[in-house]
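Visitor: I have a structure on my screen and many labels to make sense of. Could you show me where the labels come from?
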Amino acid sequence: NPQAHDATGEDVGSDDLTFDWSFGETTTYFNDGLNPDPFPSPLGTYPFAVTDTGEVTFPLPGAYLIGIGVTDDDGGTSGDEELDKVVVGNADDARSKGWWKHQYSGQGNVDLDAATLQAYLDIIEVTSSVFEEETSLADAHAVLSAQGNNKREQATAELLVAWLHYASGAVEWDADIPIGGGNTMAYGDILFEAEGVISDLGSSNKDLTDTMKLLRATVHGD
């Protein structure tokens, strides 16, 4: 489905304004609503402000960079503005750590192709502070393969699984997750709370263990 994005431009005089979106959509707004502004500009509506809506359809999940530039008819420009856009997948179920580990292993029969798996990691890169560096398929497999008694590594693996739930579309950002005792917690809050504990080198093993339990609560099915 098309997704709409709004941008507002303003000219201190009465110039026409042209909006150029990075996805190819361009629209010019005439100051008088009908015709191009003559040179030199006559006195018209000033300051002239207008909001443009650009629509784009993203066919695949991933992290996209959307740019917008506004130019007046005299060549003056606002400079380009950019924002990150995240498009998650349409998975029906959250999966176990073992399932994700197999997907990122590159071995045997897998359900997701490499492009989709990397797209999920690209989404995580722009939303997570723990996984903010570029993560390859091999890196993800290594994180998910954490063994031994290192609680921080184990918690990091569970955190990656939880982020993959979001990136794949299996769990929505604002979903209420049951966490026991009849209580719920917003999914995004779980992720950010977990990131805080894992990033804090002073977190105890108990803190990390509790965080793992919280993250595992986001798994709704296999």
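Guide: What follows is a set of short questions, each settled by a value and a cut-off. Keep in mind that this is a predicted model.

Visitor: Let us start with Val70. Why is Val70 called buried?
Guide: The relative accessibility of Val70 is 11%. Buried means under 20%. So Val70 counts as buried. Val70 is found in strand S5, residues 62-72.

Visitor: Which residues does Val70 touch, not counting those up to four places away in sequence?
Guide: Val70 touches Gly9, Leu17, Thr18, Phe19, Gly76, Thr77 and Ser78. The C-alpha atoms of Val70 and Trp21 are separated by 9.0 Å, although the two are 49 residues apart along the chain.

Visitor: What makes Trp21 and Phe23 a stacked pair?
Guide: Two values decide. The ring centres are 5.3 Å apart, and the planes are at 15 degrees. A pair needs centres within 6.5 Å, and stacked needs planes under 30 degrees apart. Both conditions hold, so the pair is stacked.

Visitor: Are Trp21 and Phe23 buried or partly exposed?
Guide: Trp21 has 7% relative accessibility, so Trp21 counts as buried. Phe23 has 25%, so Phe23 counts as partly exposed. The line between the two labels is 20%.

Visitor: What makes Trp163 and Tyr166 an edge-to-face pair?
Guide: Their centres are 6.1 Å apart, with 70 degrees between the planes. Edge-to-face needs over 60 degrees. The pair therefore earns the label. Trp163 and Tyr166 both lie in helix H4, three residues apart, about one turn of the helix. Both are buried.

Visitor: How do you know that the length of H4 agrees with what is expected?
Guide: H4 has 18 residues. At 1.5 Å a residue, H4 should span 26 Å. Its end C-alpha atoms are 26 Å apart, so the two agree.

Visitor: Why is H4 called mostly covered?
Guide: Count the buried residues: 15 of the 18 in H4. At the start of H4, a side-chain oxygen of Asn150 reaches to within 3.0 Å of the backbone nitrogen of Arg152. Just after H4, Gly169 takes a positive phi of about 90 degrees.

Visitor: Which helix gives the most to the largest nonpolar core?
Guide: First, the core itself. The largest nonpolar core has 37 residues, and Trp100, Leu160 and Tyr187 are among those with the most contacts inside it. H4 gives the most to this core, with nine residues. A second, separate core has twelve residues, including Ala7, Val56, Ile68 and Val70.

Visitor: Now the loop between strands S3 and S4, where Asn31 is found. Why is Asn31 called buried?
Guide: Asn31 has a relative accessible area of 13%. The cut-off is 20%, and Asn31 falls under it, so the label is buried.

Visitor: What makes the approach of Asn31 to Thr45 a polar contact?
Guide: The side chain of Asn31 reaches the backbone oxygen of Thr45 at 2.8 Å. The limit is 3.5 Å. The backbone oxygen of Ser14 lies 3.3 Å from a polar atom of the Asn31 side chain. That distance is within 3.5 Å too.

Visitor: Last one. How do the side chains along S4 alternate?
Guide: Phe48, Val50, Asp52, Gly54 and Val56 point to one face and are buried. Ala49, Thr51, Thr53 and Glu55 point to the other and are not. Nine bridges join S1 to S4, and these strands run antiparallel.

Technical notes
Residues are numbered from 1 along each chain as its sequence is written. This is a predicted model: local features need pLDDT of at least 70, side-chain atom pairs count only at pLDDT 80 or more; totals for chains, interfaces and linings use all residues. Side-chain values use heavy atoms; hydrogens and water are left out. Helices (H or I, at least four residues) and strands (E, at least two) are DSSP runs, numbered from the N terminus. Buried means under 20% relative accessible area, exposed over 50%, partly exposed in between (1.4 Å probe, protein chains only). Contact means heavy atoms within 4.5 Å. A nonpolar core is a set of buried Ala, Val, Leu, Ile, Met, Phe, Trp, Tyr and Cys residues joined through side-chain atoms within 4.5 Å. A polar contact is a pair of N or O atoms within 3.5 Å; within protein, one must be able to donate a hydrogen and the other to accept it, and residues adjacent in sequence count only if both atoms are side-chain atoms. The expected span of a helix is 1.5 Å times one less than its number of residues. Two strands pair if DSSP finds at least two bridges between them. Rings of Phe, Tyr and Trp (its six-membered ring) pair if their centres lie within 6.5 Å; planes under 30 degrees apart count as stacked, over 60 as edge-to-face and the rest as tilted.
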